[in-house]
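Biologist: I would like to learn how to read packing from a model. Where do we begin?

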Amino acid sequence: MTANDDAGTTRRGGAMTDLKTLRAALSDSPWLTEAVTAIEADPKAIGALFPAAGRRCGRGAIAPGWTADEAARAIMLAAAPAEADDLYRYGDADEKRAVLKSLPLLPIGDAAVPLLHDALRTNDTRLVAAALGPYAAHLDPAAWRQAVLKCVFMGIPLDAVDSLHKRADAALAAMLRAFADERAAAGREVPADAQQLLDELMGA
Amino acid sequence: MRIFDPHIHMTSRTTDDYERMAAAGVRAVVEPAFWLGQPRTGPQSFTDYFDALVGWEPFRAAQFGIRHHATIALNPKEANDPRCRPVLDLLPRYLAKDGVVAVGEIGYDSMTAAEDEVFARQLALAIEHDLPALVHTPHRDKARGTERSIAVVSESGIDPGRVVLDHLNELTVAAALDAGMWAGFSIYPDTKMSPTRMVKILHEYGMERVLVNSAADWGRSDPLLTVRTAEEMLAGGFTKDDVDRVLWRNPVEFFAQSGRLDLAGKGEAEATFAGNSILRGGS
C-alpha cells in the first residue's frame with residue numbers, strides 16, 4: 001500500500017475512526033473549540049494546551065479505541081501537525097501515546113517515523129502498543145518484526161498490532177519459532193496469540 | 001492501614017522496594033525532582049530526568065498498584081551551576097503536566113545569591129501555574145535557612161497554606177506552623193528525624209498541617225519509615241484514625257490543592273492490562 005492509503009483514519013478491531021468522528025464526539029467542549037482557534041492563530045500555543053486535555057475534556061472512552069483526552073489531543077495536533085515532534089519530546093506518557101495514535105490522522109507522510117523508533121525503545125507497554133497502529137506501515141520490515149516480537153516478550157496482546165496478519169512473513173515466523181523453542185527449553189509457556197500466529201504462518 | 005508518602009525518590013529505588021511498600025500499605029507517593037548523587041552539567045539531563053518522573057516512574061509504580069505523582073523544579077544545589085540554569089526556561093512545559101502536583105524541591109542549600117534568585121523565580125512559577133510549592137530546608141545552618149525560606153515565601157505572595165517546608169525538626173517546626181505553612185518531616189534511619197521523635201512532635205504540635213515522609217533516595221534511607229512512624233504513633237497513644245489523618249488525609253489535602261491529584265487514574269488499569277515487562281522481567 002502507499003503511504004497515504006490510511007491518512008485520515010485509524011483502524012482498531014475493524015472500526016474506522018477519523019478526525020470528523022472524534023470532533024463530533026467532543027462537540028460539547030467549548031474549551032476544545034477555543035483551544036483549536038488559539039492553536040490556529042499561534043501553533044506554539046499548543047505547548048500549554050495539549051497537556052491540559054485530560055483535565056478539560058475528561059478521560060473516558062468516546063469512540064472505539066479513543067479516550068476523550070486522546071481525541072482532544074488528536075484534534076489539537078491536527079491544527080498544528082508540525083508540532084508533533086516537540087509535543088512528543090516533552091510529553092508525559094499519556095501525551096506521547098496520544099501523539100503516536102494521532103500520526104495516521106495527520107498529513108505528514110513518513111516524517112514521524114523517528115517517534116515510533118523512540119517509543120519502541122521504551123519499556124512502557126502503552127507506548128509500544130501505540131507505536132504499532134496504522135502508522136507503523138512506515139516502519140521497515142526488520143524494525144516492524146522486532147516490534148512484534150517485543151510485544152510478545154512484554155505481554156502486549158497482538159491485536160494491538162495493525163495489519164498483523166497481512167504483514168507477518170516467513171522471517172517473523174522464524175523469529176517466533178525460535179522464541180517458542182526458547183520458551184519450551186525453559187519450561188515456560190508461549191502466549192496463546194503468539195502461538196496462534198506462528199501456527200498460522202507455518203501452516204500457510 | 002493506607003499510607004501516602006508525600007516525598008520519596010523512587011527513581012533511586014528498586015522493584016523490591018515497590019513490592020515491600022505495596023505490601024505494607026503504601027498506595028500513593030509524590031516524587032519531588034531533586035539532585036542525584038552525581039551533579040548534572042546541563043539542562044538536557046534535567047529534562048530526561050523530568051521525563052522519567054512523568055513517564056517511566058509512574059508506569060513502574062502502577063505495576064505495584066501505587067499511584068505516582070511528581071513535583072518539578074531546579075533544585076537549590078544545582079541552581080548554583082550556571083550550566084544548569086537554562087532548565088528554568090523549560091520548567092513551564094513540565095508544570096503543565098497532569099502528574100505534576102507542585103513546584104519543588106525549591107529552597108536553599110548553601111543560601112547563596114544564585115539560590116535566592118532561583119527560589120524566588122520558581123515561587124512565581126508556582127503562582128503562575130496555580131500549583132503548591134515544596135520547599136526543602138537546608139541541612140546545614142537549618143534554623144537560619146528555615147527563617148530565610150519563610151521570609152522569601154512570604155515575600156512571593158503565594159498563599160502560605162499552599163507551601164510545605166520540608167525536612168523540619170524540633171527546632172524549626174514552630175516557625176513553619178506559625179507562618180501558616182505545612183510542616184514536613186523526613187524520617188531517616190539515623191539523621192533528619194526518627195519515628196520516636198516524630199511522635200513526640202505530634203503530641204506537642206498536633207496533627208494539623210503535618211506531613212510525614214521517608215524522603216528515601218540514593219543515600220542510606222528506608223521507604224518503610226512512614227509505616228514505622230504509623231506503628232510508633234499507635235504505640236504512643238494515637239488512634240487508627242489519627243494515623244490515617246497524618247499518613248493519608250493530610251498529604252491528600254495538601255496536594256489536592258493542585259487540582260491534579262488523581263488517586264484512581266486510568267494509567268493504573270491500563271499499565272496492568274498489558275502488564276508486565278517489569279513483573280515478568282520481560283524485554
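**Core first, then a helix**

Modeller: This is a predicted model. Its largest nonpolar core holds 138 residues, and Met76(A), Ala131(A), Cys151(A) and Ile72(B) touch the most other members. Helix 5 of chain A, residues 68-79, gives this core its largest share, seven residues.

Biologist: What is the general idea behind such a core?

Modeller: In soluble globular proteins, nonpolar side chains tend to be buried together. Take Ala131(A). Setting aside residues up to four places away in sequence, Ala131(A) touches Leu100(A), Leu116(A), Ala119(A), Leu120(A), Ala136(A) and Ala147(A).

Biologist: What radius of gyration does chain A have, and how does it sit with a compact globule?

Modeller: Chain A has 18 Å; a compact globule of 204 residues would have one near 17 Å, so the two agree. Of the residues of chain A, 41% count as buried.

Biologist: Now a helix. Which residues of helix 6 of chain B are buried?

Modeller: An α-helix has 3.6 residues a turn, so residues three or four places apart point the same way. In helix 6 of chain B, the buried residues are Gly145(B), Thr146(B), Ser149(B), Ile150(B) and Val153(B). They cover an arc of only 140 degrees around the axis, which puts them on the same side of helix 6 of chain B.

Biologist: Which exposed residues does the face turned away from that buried side carry?

Modeller: Ala151(B) and Glu155(B).

Biologist: What do the buried residues of helix 6 of chain B pack against?

Modeller: Their partners in chain B are strand 4 (100-107), helix 5 (113-128), strand 5 (133-136), strand 6 (163-166) and helix 7 (173-178).

How values were computed: Residues are numbered from 1 along each chain as its sequence is written. Chains are lettered from A and ligands numbered from 1 in the order in which they are written. This is a predicted model: local features need pLDDT of at least 70, side-chain atom pairs count only at pLDDT 80 or more; totals for chains, interfaces and linings use all residues. A nonpolar core is a set of buried Ala, Val, Leu, Ile, Met, Phe, Trp, Tyr and Cys residues joined through C-beta atoms within 7 Å. A residue is buried if 20 or more other C-beta atoms lie within 10 Å of its own, exposed if 12 or fewer, and partly exposed in between; C-beta atoms are placed from the backbone. Helices (H or I, at least four residues) and strands (E, at least two) are DSSP runs, numbered from the N terminus. Two residues are in contact if their C-beta atoms, placed from the backbone, lie within 7 Å. The radius of gyration is taken over C-alpha atoms; the globule rule is 2.2 Å times the number of residues to the power 0.38. The arc is that of the directions from the helix axis to the C-beta atoms.
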